[in-house]
Amino acid sequence: MSRVDVPSLSHDMRLAISREGGFAYLPGLAAPREIECERLSDDKCARLGAWLSRLANVPEASTTGADRRCFRLTLSSRRTGEACWQRRLDEPCAPAWLVRLWRDGESALDEDDPAT
């Protein structure tokens, strides 16, 4: 289920961002960062939707190897748990704002328009 078009975000949605791959399995890094759209202001929700739409220009991750890392993004309904959008991106191709979003969560959305 990999679609390029991001569905319109609603307060029922949850974005999970996880980092996968690499040589060592580190549970702290493997746990997904979850962002609940319900907790976001309308401005932050719109900003998140715009940022995710930018990923249409980033190629899907190739096969993961022991020395490769990728980010997996999954947008799902909080009510049903059903995923409605998913992308895998090689870490070197991931924009800086995505890395900040994975690392810092909702607080990364305080930045108006990241350059990359």
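User: What does E106 count as, going by relative accessibility?

Analyst: E106 counts as partly exposed, at 24% relative accessibility. The scale runs like this: buried is under 20% relative accessible area, exposed is over 50%, and partly exposed is in between, with a 1.4 Å probe and protein chains only. Before we go on, this is a predicted model: local features need pLDDT of at least 70, side-chain atom pairs count only at pLDDT 80 or more, and totals for chains, interfaces and linings use all residues. Residues are numbered from 1 along each chain as its sequence is written, and side-chain values use heavy atoms, with hydrogens and water left out.

User: Thanks! Which side chain meets R39 in a salt bridge?

Analyst: The general idea first: side chains of opposite charge can pair when their charged atoms come close. The rule for a salt bridge asks for a side-chain nitrogen of Lys or Arg within 4 Å of a carboxyl oxygen of Asp or Glu. Here R39 meets E106, at 3.8 Å from N to O. R39 sits in the loop between β2 (33-36) and α2 (42-53), while E106 is in the segment after α3 (96-104), so this salt bridge ties together parts 67 residues apart in sequence. These helices (H or I, at least four residues) and strands (E, at least two) are DSSP runs numbered from the N terminus. R39 is exposed, at 60% relative accessible area.

User: What is the distance between the closest N and O atoms of E106 and K44?

Analyst: They are 4.0 Å apart, and the two residues form a salt bridge. This one also links distant parts of the chain, with K44 in helix α2 and E106 in the segment after α3, 62 residues apart. K44 is buried, with a relative accessible area of 16%.

User: Which residues are joined into one network by salt bridges that share partners?

Analyst: That network joins R14, E34, E36, E38 and R78. Over the whole structure, the search finds 14 salt bridges. Another one to look at is R72 with E20, at 2.7 Å from N to O. It connects strand β3 (residues 69-77), home of R72, to strand β1 (residues 13-21), home of E20, across 52 residues. R72 is partly exposed at 23% relative accessible area, and E20 is partly exposed at 24%.

User: Now the rings: how many aromatic pairs are there?

Analyst: A pair of aromatic rings is described by the distance of the centres and the angle of the planes. Rings of Phe, Tyr and Trp (its six-membered ring) pair if their centres lie within 6.5 Å; planes under 30 degrees apart count as stacked, over 60 as edge-to-face and the rest as tilted. By that rule there are two pairs. W51 and W97 are tilted, at 5.3 Å centre to centre with 45 degrees between the planes. W51 belongs to helix α2 and W97 to helix α3, so the pair ties together parts 46 residues apart in sequence. Both are buried: W51 at 1%, W97 at 2%. F71 and W102 are edge-to-face, at 5.7 Å and 70 degrees.

User: Last one: how many disulfides does the structure hold?

Analyst: A disulfide is a covalent bond between the sulfur atoms of two cysteines, and the cut-off used is within 2.5 Å. The count here is zero. The closest cysteine sulfur to that of C45 is in C37, 4.4 Å away, too far for a bond. For C84 the closest is again in C37, at 9.4 Å, also too far.
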